[in-house]
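Reader: I am new to this structure and should be grateful for a close look at a single part of it. Please describe how that part is packed, and then place it in its wider setting.

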Amino acid sequence: MALCERSSDLRQLDELLADAREGHGRVALVSAVAGAGKTALLHEFWKTLADTDVLMLSATCVPSERHLPFGMLTQLFESPALTGEDASRAMRLLDDPTPATQDRPSDDALAARGFTRLVLEMSERQPVVLCVDDVHNADHESLDHLLRLVRRLHSAPVLAVLTERIRPVKVHSLLHTELLRQPHVTSIRPGLLSPHGVQEMIAEAAGTAAGARMAADYYATTGGNPLLVQALLQDLRDPAQPAAEDGAAPGLAFSHAVLGCLHSAGTSPVRVAQGIALLSESATPALLSLLLELPRETVTRTVAELTAIGLVRDGRLRCGATAQVILGDLAPDVRERHHRRAARLLRDAGESPRTVARHLLQANTAAESWMVDTLIDAAGTLLDDDARHAKAYLELARRFSTTDPRRQSGIAAALARIELRLCPSGVLRLLPQLSTAISDGHIAQQLALELPEILLWYSRIDENERLYRHLEQLVDTDDPRVAVELGVCRMLLAAVFPQLAERIPDALHHVSGVELAGTAFTANTRLNTFAHLRTVLCEGPSVGAVHSAQQALAATRLGGSTAALLAAAVTILIRADQPRLAEKWADRLLKEATDRGAANWQGTMADQRAHVALRAGDLPGAERYARLALHRMPPQAWGVAVGGVYATLLRAYNEMGRHAQATELLCKPVPEALFDSTFGLEYLYAKACHYLATQQQQAALSDFRACGELMAQWGLDQSTLVPWSCGAAQALLMLGRRDAARRLAEEQLAQLTPGHSPQVRGMTLRILAATRSPRQRVELLAEAVDVLQRSGDQLELAKALTDLGEVHQRLGDSALAQITARRGLLMATECQARPLVGRARRAIEGARESTFADGHHPVPGAGEVAEDCPTVAAGTEPADKLAYLTEAERRVCVLAGRGRTNREIAGELFITVSTVEQHLTRVYRKLRVKRRQDLHQELASGRYVVEEAQPPSQEARTLAACAPRR
């Protein structure tokens with residue numbers, strides 16, 4: 001062990017040795033707590049005596065040899081330092097252990113033993129140093145001889161260094177008392193290390209930087225006990241031990257050191273330390289006394305001893321690793337017995353259910369009624385903060401309450417809420433019991449009102465309708481608060497299963513507005529949010545729905561009873577064409593769910609985020625978040641809601657051209673009740689889109705029409721939940737039925753007001769344009785581009801731009817075709833829509849070939865119109881170089897020459913910063929410049945003629961309609 005902060009103790013021993021050499025015998029009594037390093041100090045002093053004229057005799061006493069007569073003396077006299085006559089004489093003394101008798105008085109017997117005489121005679125020839133480690137463990141006979149020597153060595157060149165463990169005053173031995181009476185006995189008390197001493201010890205073993213970095217944590221863990229610090233350093237060097245960069249990482253060596261300190265301290269410290277480890281924060285002297293059945297004075301004294309050792313601080317163990325080591329040293333049956341006793345004592349002392357339940361769980365029992373109640377109460381307080389412990393408490397309570405159906409049902413309902421957070425598929429095993437409990441009335445009113453949100457995703461229409469009617473009978477509908485909760489259940493059921501809207505009664509019909517206003521804010525928020533959700537799904541978005549959703553999101557914290565509410569609010573924002581708001585809240589909720597480790601919340605919010613990404617045309621994001629949702633919640637845990645997740649993945653796969661993966665996903669089983677829900681409608685629409693993308697037009701048309709029929713049956717005629725008409729019209733076009741496609745698109749367009757769902761309106765205009773002649777298409781597609789730019793859907797905008805580029809090509813306007821198609825290509829590339837990227841590239845190539853076929857050389861940027869965007873006239877040799885730039889490169893080149901930053905250029909041209917960087921790289925290469933400053937000087941040299949843009953032509957005005965708006 002590295003010796004730190006012991007220089008004064010070593011100096012004191014050296015001074016005592018110097019006195020002994022002068023013929024003034026001395027005794028050093030080194031007293032320290034377990035692990036403080038008294039043995040290390042003795043060894044360090046022993047090393048300083050090597051190669052000197054001192055005769056060194058040593059012994060180490062251990063508890064197992066305490067009853068072996070003359071054990072300590074045997075070690076001293078068997079020292080290899082004794083030779084010749086001294087060794088022979090010592091052997092003769094050890095071979096004659098005859099005790100005192102009536103004929104031989106005790107003092108004469110000791111003298112006859114000759115131990116004192118032998119030592120004193122040896123000291124006449126050379127100084128003698130006797131070192132006895134842990135003298136408190138020495139045998140009684142040896143101690144008698146040692147005491148006789150101590151009384152007589154004050155005038156001999158002898159130094160005796162004795163180490164002992166500090167013990168409580170009441171148990172001090174006769175030796176200790178006798179030694180302290182002698183004037184030539186000096187007491188040395190090495191203490192625990194200071195923080196600086198710990199840092200020095202770490203630095204010696206692991207370097208100065210490690211010492212500065214880890215000292216604080218090592219000191220907090222060990223209290224400065226050198227043995228424990230040394231053990232932590234040993235664990236640090238252990239390759240099998242997980243590394244800790246900045247702090248202590250207790251391992252096997254630390255465990256051995258803790259137990260060594262405890263067991264060397266005696267029985268009481270071991271028991272009291274076990275009690276502190278068991279009671280943790282509840283450990284008080286009074287409770288420890290009751291738990292361990294020890295006198296309170298003994299407990300108080302022992303806690304002080306453990307504090308001196310460094311294991312305890314303020315009555316608590318210093319670190320959790322120490323508590324684990326101590327509890328692990330207990331036999332399992334003893335540990336469980338102690339936990340049972342602790343639970344009862346803490347309950348009688350009025351401790352919280354959480355504290356008591358922790359011990360019941362460790363004792364693995366809930367055999368008494370109060371124990372079950374305590375576990376249920378504790379689980380209720382932990383639902384949002386520590387769901388894993390809450391689940392463990394409820395599982396234990398469930399095992400011990402089999403004879404009470406009502407209690408079993410209540411526990412099952414509470415377990416279902418927790419399973420939804422931790423492992424949603426676990427709810428499936430509870431469904432039969434919960435359904436029976438509701439129908440039999442074996443469940444508390446409040447829990448009954450929470451069950452619809454739990455059972456909704458796993459039940460069929462008829463089962464949900466029965467559930468609602470049972471709830472009406474089970475709860476008091478005259479209470480406005482209960483009526484509001486039933487109203488929430490009805491709205492939620494109707495949002496998922498719209499056909500239930502008219503089949504289940506409204507519990508709010510008899511509640512007045514005044515009574516409704518008096519209910520809790522949270523209940524009213526839930527009622528309004530779910531009501532607006534159903535309105536948005538059935539009739540389309542409204543300002544009131546968006547306001548209500550934002551209010552709910554701002555005022556509600558994510559929790560077990562609010563997750564569905566918050567998800568519904570995000571859905572409202574998505575369906576109300578507020579993608580930016582939806583993205584902000586979905587990101588925030590997903591982060592919170594992730595930080596709190598709730599599987600079902602993570603899955604739900606990742607699904608919402610996937611919908612937001614798909615709505616914005618972010619196909620890779622839609623795939624990533626949908627996969628995350630399925631990772632956090634396996635498919636069987638979603639119930640009918642899995643249809644929504646699968647629909648997002650299917651549409652993303654198809655738009656990215658990954659049709660094999662889409663086919664594989666369609667082969668996965670789905671719940672039987674899926675197609676009775678709005679999630680089934682989304683899934684059916686995504687499946688039809690897949691058929692359309694894989695040239696299965698008849699199958700696609702059939703599924704699109706099935707979507708329309710379901711929406712008509714459910715009263716969703718005015719809804720844009722899924723734009724089935726657009727899909728069906730596209731399928732009809734591919735089948736050559738242009739007139740039927742036009743009628744369907746016109747009907748869809750007639751249902752949409754100018755401000756209603758710009759995404760669907762833009763899609764419909766694009767499909768309608770495909771049914772018209774090429775010249776008629778331009779106006780419709782330009783309007784579609786304008787509408788889709790406002791919608792925020794980059795993918796649909798890319799499709800409209802590509803269509804418009806193709807139309808311009810057919811009309812022979814190659815310049816407009818190239819520019820428009822290139823914008824479509826850029827957006828399609830960012831969306832990673834590979835089939836659309838291919839179309840856009842073909843449109844660009846076709847326009848380019850048409851231009852050359854007409855005998856015209858394409859002028860970069862021809863026909864482009866933008867404010868403050870000049871054209872560069874060619875004329876000189878450098879201008880010829882500019883002719884080799886594409887229009888995109890040329891726009892970037894001119895703006896960079898004007899001193900714009902890459903981010904500013906990206907903002908003006910509506911492209912990414914990465915794209916700007918790529919364009920500039922090619923510009924530098926073609927113009928043979930190395931940096932932006934060279935480019936600025938080149939353009940400002942006067943060799944390039946910069947002309948202001950001419951008033952836009954009619955063609956340019958058409959193109960301007962296609963340009964991204966600022």
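Author: Helices H34 and H36 cross in a left-handed manner, that is, the near helix is turned anticlockwise from the far one by less than a right angle, whereas a clockwise turn would be right-handed. The model is a predicted one, in which local features need pLDDT of at least 70 and side-chain atom pairs count only at pLDDT 80 or more, while totals for chains, interfaces and linings use all residues. Residues are numbered from 1 along each chain as its sequence is written, and side-chain values use heavy atoms, with hydrogens and water left out.

Helix H34 covers residues 642-655, and its axis comes within 8 Å of that of H36, at a crossing angle of roughly 20 degrees. H34 is therefore roughly parallel to H36, the class for angles under 35 degrees (over 145 is roughly antiparallel, 65 to 115 roughly perpendicular, and the rest oblique). The axes are lines fitted to C-alpha atoms, for helices over the stretch in contact, and the angles run from 0 to 180 degrees between N-to-C directions. The helices themselves are DSSP runs of H or I with at least four residues, strands are runs of E with at least two, and both are numbered from the N terminus.

On the H34 side, the residues that meet H36 are Gly643, Gly644, Tyr646, Ala647, Leu650, Arg651 and Asn654. Their partners in H36 include Phe679, Tyr683, Tyr685, Ala686 and Cys689, together with Glu682, Lys687 and His690. Contact here means heavy atoms within 4.5 Å.

H36, residues 678-693, also has a part in the nonpolar interior. The largest nonpolar core has 101 residues, and Leu553, Val570, Trp638, Leu681 and Phe704 touch the most other members. H36 gives the most to this core, with 10 residues. Apart from it lies another core, of 82 residues, which includes Val33, Ala34, Ile276 and Leu317. A core of this kind is a set of buried Ala, Val, Leu, Ile, Met, Phe, Trp, Tyr and Cys residues joined through side-chain atoms within 4.5 Å. Buried means under 20% relative accessible area, exposed over 50%, and partly exposed in between, with a 1.4 Å probe and protein chains only. In soluble globular proteins, nonpolar side chains tend to be buried together. Leu553 shows the packing in detail: beyond its neighbours within four places in sequence, Leu553 is in contact with Leu566, Ala569, Val570, Leu573, Trp585 and Leu589.

Charged side chains form links of another kind. The whole structure holds 32 salt bridges, each a side-chain nitrogen of Lys or Arg within 4 Å of a carboxyl oxygen of Asp or Glu. In one of them, Asp587 meets Arg609 with N and O at 2.6 Å. Because Asp587 belongs to helix H30 (residues 579-595) and Arg609 to helix H31 (residues 599-616), this pair ties together parts 22 residues apart in sequence. Asp587 is partly exposed, at 31% relative accessibility, whereas Arg609 is buried, at 7%.

A second bridge joins Arg627 and Glu623, whose closest N and O atoms are 3.2 Å apart. The two residues are four places apart in helix H32 (residues 619-632), so about one helical turn separates them. Arg627 is partly exposed, with a relative accessible area of 42%, and Glu623 is buried, with 13%.

A third bridge pairs Arg766 with Asp803, with 3.4 Å between the closest N and O atoms. It links distant parts of the chain, 37 residues apart, since Arg766 lies in helix H40 (residues 758-769) and Asp803 in helix H42 (residues 794-810). Arg766 and Asp803 are both buried. They also belong to a network of salt bridges with Glu655, Glu796, Lys799, Glu806 and Arg839.

Finally, the chain as a whole. Its secondary structure comes to 50 helices and nine strands, and 54% of its 966 residues are buried. Of the contacts in the chain with a separation of 6 or more, 69% are between residues 24 or more positions apart. Between helix H2 (38-48) and strand S2 (55-60), the loop contains Asp51, a residue other than glycine with a positive phi near 65 degrees. Asp51 is exposed, at 84% relative accessibility.
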